[in-house]
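Biologist: Could you walk me through how to read a model like this one, feature by feature?

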Amino acid sequence: MPFIHPLSDVQSLTIGKGSRVWQFSVVLKGAVIGDGCNICAHTLVENDVVIGSNVTIKSGVYLWDGITIEDNVFIGPCVAFTNDKMPRSKVYPEQFLRTVIKSGASIGANATILPGIILGEHCMVGAGAVVTKDVPANAVVFGNPARIIRYIE
């Protein structure tokens, strides 16, 4: 069974065994969370979000509709995801762009991930980076806009 802190608002029934959702977090009904995840305090997971297994999501992260996170991903504190390239108040696209974080990727604190981006397997996004385009597998990116600074072997 997952652990759900009594001060969280968890509406989803699709949360894997051994996962933990901490206080002041909101998980909407359609969200899917795999086994062994740690969803830290002060997080939001919208309906059209899929989270794999063994994922860590630190405090202050909001996962909007259209995000898929594969297994063994680390998302640092206050990482900002977006899902609409042309946001306007009360104007919604028919479908949000799909952002995919591939297996083993790590995203540093306060990074910003624009919509429709694919972060490749085992890539690393530096703290504070602004990711405006896809990141290849094993790449390390940093800066604004994020640029490849090296590859991990």
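Biologist: Let me begin with exposure: what is the relative accessibility of Lys102?

Modeller: Lys102 has a relative accessibility of 28% and counts as partly exposed. That class lies between buried (under 20% relative accessible area) and exposed (over 50%), with a 1.4 Å probe and protein chains only. Before we go on, this is a predicted model, in which local features need pLDDT of at least 70 and side-chain atom pairs count only at pLDDT 80 or more, while totals for chains, interfaces and linings use all residues. Residues are numbered from 1 along each chain as its sequence is written, and side-chain values use heavy atoms, with hydrogens and water left out.

Biologist: Which residue forms a salt bridge with Lys102?

Modeller: In general, side chains of opposite charge can pair when their charged atoms come close. The cut-off here is a side-chain nitrogen of Lys or Arg within 4 Å of a carboxyl oxygen of Asp or Glu. Lys102 pairs with Glu70, and their closest N and O atoms are 3.6 Å apart. Glu70 lies in the loop between β11 (67-69) and β12 (74-75) and Lys102 in the loop between β14 and β15, so the salt bridge ties together parts 32 residues apart in sequence. Glu70 is also partly exposed, at 25% relative accessible area.

Biologist: How many salt bridges are there by this rule?

Modeller: The count is two. Asp48 and Arg98 also meet through their side chains, at 3.0 Å from N to O. Asp48 sits in the loop between β7 (44-45) and β8 (49-51) and Arg98 in the loop between β13 (80-81) and β14, 50 residues apart. Both residues are partly exposed: Asp48 at 37% and Arg98 at 34%.

Biologist: Where is Ser103, and which backbone oxygen does its side chain reach?

Modeller: Ser103 is in the loop between β14 (99-101) and β15 (106-107). Its side chain reaches the backbone oxygen of Asp71 at 3.3 Å. Counting contacts (heavy atoms within 4.5 Å), and leaving aside neighbours within four places in sequence, Ser103 touches Glu70, Asp71, Asn72, Val73, Glu121 and His122.

Biologist: How should I read the sheets, and in what order do the five strands of the open sheet come?

Modeller: Strands of a sheet pair through backbone hydrogen bonds, either parallel or antiparallel. Helices (H or I, at least four residues) and strands (E, at least two) are DSSP runs, numbered from the N terminus, and two strands pair if DSSP finds at least two bridges between them. The five-strand sheet runs β5-β8-β11-β14-β17, with parallel pairing. β5 (32-33) and β17 (118-119) each have a single partner strand, so one side of each is left without a neighbour in the sheet. Two bridges join β5 to β8, with Val32 partnered by Val50.

Biologist: What is the pairing in the nine-strand sheet?

Modeller: The pairing is mixed, in the order β1-β3-β6-β9-β12-β15-β18-β20-β21. β1 (3-4) and β21 stand at the edges of this sheet. Strand β18 (124-125) runs parallel to β20, whereas β20 (139-142) and β21 are antiparallel over four bridges. In that last pair, Val140 stands opposite Arg150. β20 and β21 form a hairpin with four residues between them, and Gly143 in the turn has a positive phi of about 100°. β21 (147-151) is hardly covered, as zero of its five residues are buried.

Biologist: And how many residues make up the largest nonpolar core?

Modeller: Such a core is a set of buried Ala, Val, Leu, Ile, Met, Phe, Trp, Tyr and Cys residues joined through side-chain atoms within 4.5 Å. The largest one has 35 residues, and Leu63 and Phe81 are among those with the most contacts inside it. β8, β11 and β20 each supply at least two of its residues. Beyond four places in sequence, the residues Leu63 touches include Ile51, Ile57, Ile69 and Phe81.

Terms used. Polar contact = N/O pair within 3.5 Å; in protein donor to acceptor, adjacent residues only side chain to side chain.
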